[in-house]
Amino acid sequence: MQIDLLTDHPNYIDTLAPWLLAYWRPFLPEDTLEMRIDKLVRHCNRDTMPLALVAHDGDHVFGTAALRTCDLPGYERLTPWLGGVFVGETFRGRGIGAKLCQAIEAITRTRFHLEEIYLFTLDKTQWYSNLGWSAYLSCEWEGQPGTIMKKSLTPP
Ligand SMILES: CC(C)(COP(=O)(O)OP(=O)(O)OC[C@H]1O[C@@H](n2cnc3c(N)ncnc32)[C@H](O)[C@@H]1OP(=O)(O)O)[C@@H](O)C(=O)NCCC(=O)NCCS
């Protein structure tokens with residue numbers, strides 16, 4: 001498995017967009033496939049945010065994760081954010097999600113020289129805690145209670 005920038009593999013957008021649309025549609029019923037494709041296209045950057053990574057084997061994409069300046073309206077004072085973490089259902093439980101998160105953290109530190117990173121989750125607080133993230137603030141998104149989490153990227 002390799003982890004690369006989405007901008008170097010834009011052909012995977014056709015697979016990722018329907019996955020993301022189906023997963024988030026219960027919360028964002030107005031979303032369309034075109035909107036999901038547009039959003040992924042906007043993440044096709046190398047040295048600026050937003051950027052997305054893909055986990056893949058050269059033929060198939062397994063998952064994605066993004067680095068964004070802000071991922072939750074009202075919290076623009078916090079930056080940057082890990083977001084858009086998604087692994088295809090049949091590829092879960094193999095450490096791909098964890099590796100995508102670690103790759104975003106590495107880019108944040110080495111490419112953007114930032115020492116902390118945030119995320120927002122509705123229901124994966126325990127999963128991120130296991131990856132070294134800490135709950136930072138309670139929040140709300142689309143009427144749902146969520147948690148903002150934070151991770152320090154300073155080398156110990
Ligand atoms: C969350 C997600 C990215 C994890 O991807 P993954 O590739 O399966 O992750 P990993 O293989 O690195 O980790 C899987 C481990 O976490 C555990 N896990 C999964 N969901 C969990 C949760 N909600 N709480 C705690 N542990 C969880 C699994 O049981 C597994 O444990 P094991 O390694 O002991 O078997 C994936 O389930 C997914 O895409 N979910 C839908 C989208 C989503 O929720 N994204 C996060 C939005 S904030």
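Helices and strands here are DSSP runs, with at least four residues for a helix and at least two for a strand, numbered from the N terminus. The structure is a predicted model, and these exercises walk you through it.

**Exercise 1. The overall fold**

Work out how many helices and strands the chain has, and in which pattern they follow one another.

*Solution.* Start with the count: the chain holds four helices and seven strands. Next, walk along the sequence, and you will meet them in the pattern β-α-α-β-β-β-α-β-α-β-β. Now turn to overall compactness. The radius of gyration is 15 Å, close to the 15 Å that the globule rule gives for 156 residues, so the chain is as compact as a globular protein of that length. Along the principal axes, the C-alpha atoms fill a box of roughly 35 × 35 × 30 Å. Finally, look inside: buried residues make up 32% of the 156 residues. Of the contacts with a separation of 6 or more, 54% are between residues 24 or more positions apart.

**Exercise 2. Helix α1 and its two sides**

Check whether the length of helix α1 (residues 13-24) agrees with its number of residues, then find which of its residues are buried and which are exposed.

*Solution.* First, the length. Twelve residues at 1.5 Å a residue should span 16 Å, and the end C-alpha atoms of α1 are 16 Å apart, so the two agree.

Second, the burial. A residue counts as buried when 20 or more other C-beta atoms lie within 10 Å of its own. In α1 the buried residues are I13, L16, A17 and L20. Seen down the helix axis, these buried residues fall within an arc of 100 degrees, so they line one face of α1. The spacing makes sense, because an α-helix has 3.6 residues a turn and residues three or four places apart point the same way.

Third, the surroundings. The cover over the buried residues of α1 includes α2, β3 and β4. On the other side of the helix, D14 and P18 are exposed.

**Exercise 3. Unusual backbone in the loops**

Find the cis peptide bonds before P50 and P80, and say where H113 and E142 sit and whether they are buried or exposed.

*Solution.* Keep the background in mind: most residues other than glycine have a negative phi, and most peptide bonds are trans.

- The peptide bond from M49 to P50 is cis, with omega near 0 degrees. P50 lies in the loop between α2 (33-42) and β2 (51-56).
- T79 and P80 are joined by a cis peptide bond with omega about -5 degrees. P80 belongs to the loop between β3 (61-68) and β4 (81-87).
- H113 has a positive phi, near 55 degrees, and sits in the loop between α3 (96-110) and β5 (116-121). H113 counts as exposed because it has 8 C-beta neighbours inside 10 Å.
- E142 has a positive phi of about 50 degrees and is found in the loop between β6 (134-141) and β7 (144-152). With 11 C-beta neighbours inside 10 Å, E142 also counts as exposed.

**Exercise 4. The shell around the ligand**

Describe which residues come nearest to the ligand, which elements each supply at least two residues, and how the shell divides by residue type.

*Solution.* Begin with the residues: 15 surround the ligand, and V87, R92, G97, A98 and T121 come nearest. Then place the shell on the fold: β4, α3 and α4 (125-130) each supply at least two of its residues. Last, sort by type: the shell divides into seven nonpolar, five polar and three charged residues.

Technical notes
Residues are numbered from 1 along each chain as its sequence is written. This is a predicted model: local features need pLDDT of at least 70, side-chain atom pairs count only at pLDDT 80 or more; totals for chains, interfaces and linings use all residues. A residue is buried if 20 or more other C-beta atoms lie within 10 Å of its own, exposed if 12 or fewer, and partly exposed in between; C-beta atoms are placed from the backbone. A residue is near a molecule or strand if its C-beta atom, placed from the backbone, lies within 6 Å of it. Ala, Val, Leu, Ile, Met, Phe, Trp, Tyr, Cys and Pro count as nonpolar, Asp, Glu, Lys and Arg as charged, and the others, Gly among them, as polar. The expected span of a helix is 1.5 Å times one less than its number of residues. The arc is that of the directions from the helix axis to the C-beta atoms. Two residues are in contact if their C-beta atoms, placed from the backbone, lie within 7 Å. The radius of gyration is taken over C-alpha atoms; the globule rule is 2.2 Å times the number of residues to the power 0.38.
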